[in-house]
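The following paragraphs lead through a structural model, beginning with the conventions on which the description rests. Please keep the sequence and the coordinates in view while reading.

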Amino acid sequence: MLLRALADRIGEVTFEALPGEALATAKQGILDTVGVTLAGARDDTTAVVTRTLRWTAGQGAALIFGGGERLDALSAALINGTASHALDFDDCSNTLGGHPSAPILPALWTLAPGISGQAFIAAYAAGVETECKLARAVHFHHYEKGWHPTATLGTFGAAAACAHLLRLPPDKIATALALAASMASGIKANFGTMTKPFHVGHAARNGLFAALLAEEGMTANHGALEHEQGFFAVFNGEGNFDADRILAEWAKPFDLADPGIAFKRHPCCGSTHSAADAMLHLRAEHALAPERIERIESWTHPRRLQHTNRPDPQSGLDGKFSVQYVLARALMHGIVSLEHFSDAAVRDDAARALMARVNAQPDDSLGRSADDHFYARVRVTTASGQTHEHFVDRPLGRDRDHPLSQGTLEAKFRDCARRALDEASTEEVLRLCSTLDELADVGDVLAAMTHTRSVEPLDARRAYA
């Protein structure tokens, strides 16, 4: 059965087998995800989940990022997983068609105390490889059908990573994956609402839950992928998947090595980033000012525009999925920042006036191949009739050919982490994550997060007042 063969490969992943590129990317992914999770810990979405769980969560040893409270592992995975994606600032994967680290790491951190850095990295790598090789079997039909791969496939990634860290034997790893097949969920209709980051928390919790259930002896069908009523048939439909790719392409190379992970420069949907980069280039190159702009036109791949063509966003979360709004802010400020995605910011009169001048259109002819869909072309027409145009084939940070400048990830981490931690703790967490493979106990990273900035305590009753 496919899951049993996949379980063998998951169990065989070792730190020593990871190529240098995969190790470097893993450490960057872990650092980046810790930072955005700390920043997202104070977000309204995370607060809603936390308040709700106050009625059911038990005391435990698992740290809630950004606050110092400790709860049971499943509740912590759900809260921290939601926080990791609350700002839509976490890393991406071209293979996954989503966010590889956010569904995995919040689950792994609940099991981290007493675990070496090398074991933690190997488990993370096993999880990323699992979700990405599954993606090669189901994409891009899975994505275009309406599933949210970060949640659907991320549940498998979290289950594989946790099972690896728990050192489960192959039979139990296969059971954890079969359970994940029944627990996977998440639809793109909920993009632009609090439910999208909740998808990720749910995936982290369910992946952890699947591994823990398998450890305790739960049973499941190891044919849950290829069964006529299994994951492939139900989620994709007959003729819309290629199951052979999972094993044939496993670790050839590791996805962490090639194509690697995309790191976000802007705290909004990755499908808007090429357009934002094009606008930032035009603004700097031609000293553009909003008051002198007559019209803005953008062209992106239909796959990217389908969920980002939102000319009238109604909330900060909705604004993260509006290419019109992102272009307006990039032109207005020369940066797209976290502060631009509050509800009040999206209602700003100046931003809305500029948005009204943006015409976003689909164009599938600009890519170099059928798999090339992260490009954007932006044209600006000034009030005097001048036109300026720029094409971006991939946004900065999207792949190894378009890297962020040196020091950008560290600066991003500091900006994010300082929203929850004091300066000394921020620097200590940065140091520990940067040397994660040298740590005897990755619980040291969690211990360094205890000195947090003050915040009004949450009251469970406030949500039901």
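Helices (H or I, at least four residues) and strands (E, at least two) are DSSP runs, numbered from the N terminus. The model is predicted, so that local features need pLDDT of at least 70 and side-chain atom pairs count only at pLDDT 80 or more, while totals for chains, interfaces and linings use all residues. Residues are numbered from 1 along each chain as its sequence is written, and side-chain values use heavy atoms, with hydrogens and water left out.

The loop between H12 (244-248) and H13 is a suitable place to begin. Pro259 is found in this loop, and a cis peptide bond with omega of about 15 degrees joins Asp258 to Pro259. Pro253 also has its place between helix H12 and H13; the peptide bond that leads to Pro253 from Lys252 is cis, with omega near -5 degrees. Ala251 lies in the loop between H12 and H13 as well, and has a positive phi of about 55 degrees although it is not a glycine. With a relative accessibility of 27%, Ala251 counts as partly exposed (buried means under 20% relative accessible area, exposed over 50%, and partly exposed in between, with a 1.4 Å probe and protein chains only). Most residues other than glycine have a negative phi, and most peptide bonds are trans. A positive phi is also found at Arg167, where the value is near 60 degrees. Arg167 belongs to the loop between helix H8 (149-165) and H9 and, at 71% relative accessibility, counts as exposed.

The packing of the helices comes next. Axes are lines fitted to C-alpha atoms, for helices over the stretch in contact, and angles run from 0 to 180 degrees between N-to-C directions. The axes of H13 (residues 273-286) and H16 (residues 323-333) come within 9 Å and cross at roughly 25 degrees. The two helices H13 and H16 are therefore roughly parallel to each other (angles under 35 degrees count as roughly parallel, over 145 as roughly antiparallel, 65 to 115 as roughly perpendicular and the rest as oblique). The passage of H13 across H16 is right-handed; a crossing is left-handed if the near helix is turned anticlockwise from the far one by less than a right angle, and right-handed if clockwise. On the H13 side, the contact (heavy atoms within 4.5 Å) is made by Ala275, Ala276, Met279, Leu280 and Arg283, and on the H16 side by residues including Val323, Val326 and Leu327. The residues of this contact of H13 with H16 divide into 10 nonpolar, 1 polar and 1 charged. In this division, Ala, Val, Leu, Ile, Met, Phe, Trp, Tyr, Cys and Pro count as nonpolar, Asp, Glu, Lys and Arg as charged, and the others, Gly among them, as polar.

Helix H2 (residues 20-40) and helix H6 (residues 117-138) have axes that come within 10 Å and cross at roughly 95 degrees, and H2 and H6 are therefore roughly perpendicular to each other. Here Leu23, Ala26, Lys27, Gly29 and Ile30 of H2 meet Phe120, Ile121 and Tyr124 of H6. H1 and H9 (residues 170-183) pack at an angle of about 115 degrees, with their axes 8 Å apart, and the crossing of H1 and H9 is right-handed. Among the residues that make this contact are Arg4 and Asp8 of H1.

Arg4 and Asp8 also introduce the salt bridges (a side-chain nitrogen of Lys or Arg within 4 Å of a carboxyl oxygen of Asp or Glu), of which the structure holds 28. Arg4 forms one with Asp8, and the closest N and O atoms are 2.4 Å apart. Both residues, Arg4 and Asp8, lie in helix H1 (residues 2-11), 4 residues apart, about one turn of the helix. Asp399 forms a salt bridge with Arg394 at 2.8 Å between the closest N and O atoms, and both Asp399 and Arg394 are buried.

Two acidic positions complete the route. Glu297 is found in strand E3 (residues 293-300) and is buried, with a relative accessible area of 11%. Asp363 lies in the loop between strand E4 (358-362) and strand E5 (376-382) and is buried at 15%. The C-alpha atoms of Asp363 and Pro302 are separated by 6.3 Å, although these positions lie 61 residues apart along the chain.
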